[in-house]
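Ready for some practice? Take a look at the structure below, then work through the exercises.

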Amino acid sequence: MPLKTGPVTALALLLWGVLACASPSPSWGEGNYPWWSFPPSLPPDEYGNILINRTSEKNGIKAVTFSHWRHRLKFTCRVCHFELEFNFKVNTTEISEAANKAGKFCGAANCHDGKAAFGHDQQPNCDKCHNGNLGYGKEKYGELAKFPKTKLGNEIDWMRAMRRHLFKPVRYFSIVPPEVTYDKTLSLQAEWYNIPPAFFPHKAHIRWLDCNNCHPDIFNIKKKTTKHFSMVLNLKGDFCGVCHLSVAFPMSDCRKCHPDIKDY
Ligand code: HEC
Ligand code: HEC
Ligand code: HEC
Ligand code: HEC
Ligand code: HEC
């Protein structure tokens with residue numbers, strides 16, 4: 001059917017055109033939302049790096065450096081955050097040197113046990129962890145030069161790199177992941193008018209994570225029943241923001257979740 005444009009509509013369109021050209025078009029991206037605050041961005045070779053300092057300095061030794069990008073090349077998140085029981089928040093896991101030496105946490109078998117990787121016995125090994133340097137080991141970032149790129153976070157498209165088998169992280173130590181192939185992609189419709197939905201792909205996530213990493217602590221298992229699931233809370237570190245603020249691609253990368261957001 002041909003579009004009929006009456007005089008009133010034509011005038012409205014003209015007015016809209018003038019206004020739209022006069023005001024700069026909104027651009028979706030970091031820093032353009034006075035009502036939202038994003039964490040400060042880190043250089044790509046430090047994104048996901050943390051300093052663990054729950055007990056170190058109190059006991060007269062420097063904080064422990066830990067780099068996610070260096071470790072996720074070798075292990076999936078589920079190995080550490082499900083099997084080894086590290087929490088998704090720095091300084092909340094009760095890691096101690098005694099536990100490390102007894103084969104837990106960093107000292108688990110296949111990890112810093114003195115065989116698979118340097119252990120907890122003596123110097124200079126202590127300083128490889130206890131150096132208080134957030135950027136420790138970043139010269140190795142150059143080894144990822146061939147990985148597919150993206151704009152934010154580590155500037156590495158981890159999903160594409162994985163699909164291309166550029167690295168092959170270990171998926172489990174002793175707790176074999178269940179053979180469920182739950183690959184439903186959920187469309188999460190925002191409550192705001194005119195905002196394209198966010199998509200949540202189970203398939204991409206279960207390559208890295210265990211169902212237990214998200215259900216039931218972060219999300220209910222029934223779609224749209226997780227209460228107050230909004231950008232403000234995502235940006236406060238709840239829900240998607242548990243991972244997508246500090247380790248997985250950051251919240252400022254709107255289109256990875258809302259592919260139909262324009263002008264970005
Ligand atoms: C080799 C082990 C290991 C792997 C693999 C790993 N993590 Fe971590 N992660 C840790 C440790 C250790 C901590 C700090 C825990 C603490 O201090 O309580 C941590 C902390 C975190 C935090 C909190 C960061 C902060 O600033 O508070 C998030 C989020 C996180 N990890 C997500 C992930 C995701 C997502 C993956 C997979 C892409 C992953 N981790 C892979 C060991 C690992
Ligand atoms: C593979 C990494 C790693 C190595 C190697 C390592 N540590 Fe630790 N160590 C940790 C982590 C992680 C913690 C928990 C830190 C925190 O929460 O502040 C810790 C905690 C400590 C603490 C705090 C108090 C306690 O007893 O838990 C001391 C002291 C300590 N380590 C000494 C050492 C010494 C000495 C060495 C070398 C002989 C060493 N560590 C080697 C990772 C390591
Ligand atoms: C990691 C995924 C993810 C990223 C990245 C992301 N969002 Fe969202 N966004 C969501 C989810 C999930 C919701 C809630 C949908 C619902 O209501 O169920 C949401 C909701 C919204 C809403 C509706 C208002 C509200 O608070 O619920 C707006 C507006 C929005 N996003 C804009 C953006 C913009 C702009 C960016 C980039 C700066 C962005 N989002 C980045 C996942 C994401
Ligand atoms: C990274 C986090 C994450 C992981 C890992 C995860 N889920 Fe989910 N799941 C979600 C989110 C987000 C929702 C939607 C929640 C909402 O809308 O309230 C959801 C919803 C569901 C639903 C309800 C879907 C519907 O249409 O109502 C089922 C069933 C489910 N997940 C099963 C699983 C299973 C099985 C696994 C492991 C194979 C798994 N999930 C792993 C985040 C996750
Ligand atoms: C427990 C950690 C965790 C939570 C919670 C989480 N994600 Fe993710 N997500 C990841 C990891 C790890 C990846 C792999 C890509 C990366 O690290 O950048 C990923 C990948 C994705 C991708 C795939 C992008 C692609 O390139 O294929 C989308 C889309 C996504 N997440 C959206 C969401 C949304 C929406 C939510 C909230 C409803 C959410 N995620 C919650 C960890 C998480």
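**Exercise 1: the shell around ligand 1**

Task: sort the shell around ligand 1 by residue class.

Solution: The shell has 12 nonpolar, nine polar and two charged residues (Asp, Glu, Lys and Arg count as charged; Ala, Val, Leu, Ile, Met, Phe, Trp, Tyr, Cys and Pro as nonpolar; the others, Gly among them, as polar). Before going on, note that this is a predicted model, where local features need pLDDT of at least 70, side-chain atom pairs count only at pLDDT 80 or more, and totals for chains, interfaces and linings use all residues. Residues are numbered from 1 along each chain as written, chains are lettered from A and ligands numbered from 1 in written order, and side-chain values use heavy atoms, leaving out hydrogens and water.

**Exercise 2: where ligand 1 sits**

Task: find which domains give residues to the shell around ligand 1.

Solution: Domain 1 (45–177) and domain 2 (178–264) both do, so ligand 1 lies between them (the bounds come from an automatic or database domain assignment).

**Exercise 3: the iron atom**

Task: name the protein donors of the iron atom of ligand 2, and say how buried or exposed E97 and H130 are.

Solution: Start with the donors, meaning N, O and S atoms within 2.8 Å of the metal (3.2 Å for Na, K and Ca), with water not among the atoms, so sites may look incomplete. E97 (OE) and H130 (NE2) lie 1.9 to 2.1 Å from the iron. Next, E97 is partly exposed at 34% relative accessibility, while H130 is buried at 15% (buried is under 20%, exposed over 50%, partly exposed in between, with a 1.4 Å probe and protein chains only).
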